[in-house]
Amino acid sequence: MDKSEKIFVAGHHGLVGSALVRRLEQEGFHNLPKRDRSQLDLADERAVHNFFGEEKPAIVIVAAARVGGIKANNDYPVEFLLDNLRIQNSVIYAAHKAGVRKLLFMGSSCIYPKFAPQPIPETALLNGPLEPTNEAYAIAKIAGIKLCQAFSREYGANFISVMPTNLYGPNDNFDLETSHVLAALLRKAHEAKSRKARELVVWGSGKPRREFLHVTDLASACLFLLEKYDSPEIINIGWGEDISIRELAELICDVVGFDGELVWDATKPDGTPRKLLDTTKLRALGWQPTIPLRQGVAQTYDWFLKNVAG
Ligand code: GDP
């Protein structure tokens, strides 16, 4: 990719989009048009078409989405389905109309069936029922993948779709109602330590297993795939190992310095029992992640202390 190529990162304020912009800028890319939500509503098809007509980006990364943890996903299926369909439909269609050279669509590991084989290969897509707590989000993401594949088949578009595992890092959402587990537990451990509390409440049984990838690693994988991958077939991006929620909670307490008890709230759902991606395909292309979980959690806690904690 030429460093002066115009690259539009849709969703550049979010966890993923902001990491992509940071990485692109570090690599010397400098033609990155940005619009705040107040300037461009990505769900507004006409506004998005006008924007693409004016800016004519060469490359588009679709990192804009309504995202949330297990509770938000479960409580707001309408918003997760409708907002994500609207955003991705308008951006992908406008990108096609404007003749972009390449588009990268950000999927998610929750597109895979609840009881997919572990680690989950790309071929597991649509081979079984989804996990009910995130079905609305998963259906929207599957529609996005299928739209990209349809543009590829019908119009020869170079639209690729990547499936990241659970992500964390700077600019994550630390709201306890809507966040994912890692950010939620960092905040809970920090607040428990600050209050000198004896207990920290963790949702579910602690038995589910999840894989976590630092968002800086994800950004590096996306740039790598923009350069090297031109297939409409989906490709997984992950760390390669998973841990139980109990182990994650213990690691976070250790990093934060909270030494009280973990208390399990069985009224909250566990969700998918296990989510570990098979990353053989990506590794065979020559990419590997570099940020181990403990180091990534420590760095994210540091960011939280500077940017979120009061
Ligand atoms: P998921 O990967 O789509 O299930 O989304 P989450 O990251 O929200 O949840 C992962 C697992 O962590 C689930 O089993 C949750 O029940 C568990 N968990 C434990 N404590 C928390 C918490 O405080 N917040 C969230 N979001 N999940 C938690």
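This is a short talk between a trainee and a mentor about a predicted model, its ligand, a small set of strands and a cavity.

Trainee: What makes the contact between V181 and the ligand a polar contact?

Mentor: A polar contact needs a pair of N or O atoms within 3.5 Å. A backbone N or O atom of V181 lies 2.9 Å from an oxygen atom of the ligand, so the pair qualifies.

Trainee: How do you know that K188 and W203 make polar contacts with the ligand too?

Mentor: We use that cut-off of 3.5 Å again. For K188, an N or O atom in the side chain is 2.7 Å from an oxygen atom of the ligand. For W203, a backbone N or O atom lies 2.9 Å from a nitrogen atom of the ligand. Both distances are within the cut-off, so both pairs count. As for cover, the ligand has 530 Å² of accessible area on its own, and the protein covers 98% of that.

Trainee: Which residues come nearest to the ligand?

Mentor: There are 17 residues around the ligand, and I70, K188, R210, P269 and D270 come nearest. By class, the shell has 8 nonpolar, 5 polar and 4 charged residues. Helix 6 (181-194) and strand 6 (199-203) each supply at least two of the shell residues, and helix 6 gives the most, with 3.

Trainee: Why do strand 7 and strand 12 count as a pair?

Mentor: Two strands pair if there are at least two bridges between them. Strand 7 (residues 209-210) is joined to strand 12 by 2 bridges, so the pair meets the rule. These two strands run parallel, and R210 has K275 as its bridge partner in strand 12.

Trainee: What makes strand 10 and strand 12 edge strands?

Mentor: The open sheet has 3 strands in the order 10-7-12, with mixed pairing. Strand 10 (243-244) and strand 12 (274-275) each pair on one side only, and they are the edge strands.

Trainee: Why is the space lined by S109 and Y112, among others, called a cavity?

Mentor: A cavity is a set of points where a 1.4 Å probe fits but cannot get out, which is why the name applies here. The count comes to 1 cavity of 30 Å³ or more, and the largest cavity, at about 60 Å³, is over that limit.

Trainee: Which classes of residue line the largest cavity?

Mentor: The lining has 4 nonpolar, 4 polar and 4 charged residues. Among them are C110, Q118, E131 and K275. You have already met K275, the bridge partner of R210.

How values were computed: Residues numbered from 1 in each chain as written. Predicted model: local features only at pLDDT ≥ 70, side-chain atom pairs only at ≥ 80, totals over all residues. Heavy atoms only, no water. Near = heavy atom within 4 Å. Polar contact = N/O pair within 3.5 Å; in protein donor to acceptor, adjacent residues only side chain to side chain. Areas by Shrake-Rupley, 256 points an atom, 1.4 Å probe, with all protein chains shown as cover. Helix = DSSP H or I, 4+ residues; strand = E, 2+ residues; numbered from the N terminus. Nonpolar A, V, L, I, M, F, W, Y, C, P; charged D, E, K, R; others polar. 1 Å grid on protein atoms, 1.4 Å probe; cavity = no way out; pocket = protein on both sides within 12 Å on 5 of 7 lines; lining within 4 Å. Points joined across faces, edges and corners; volume = space filled by probe spheres on them.
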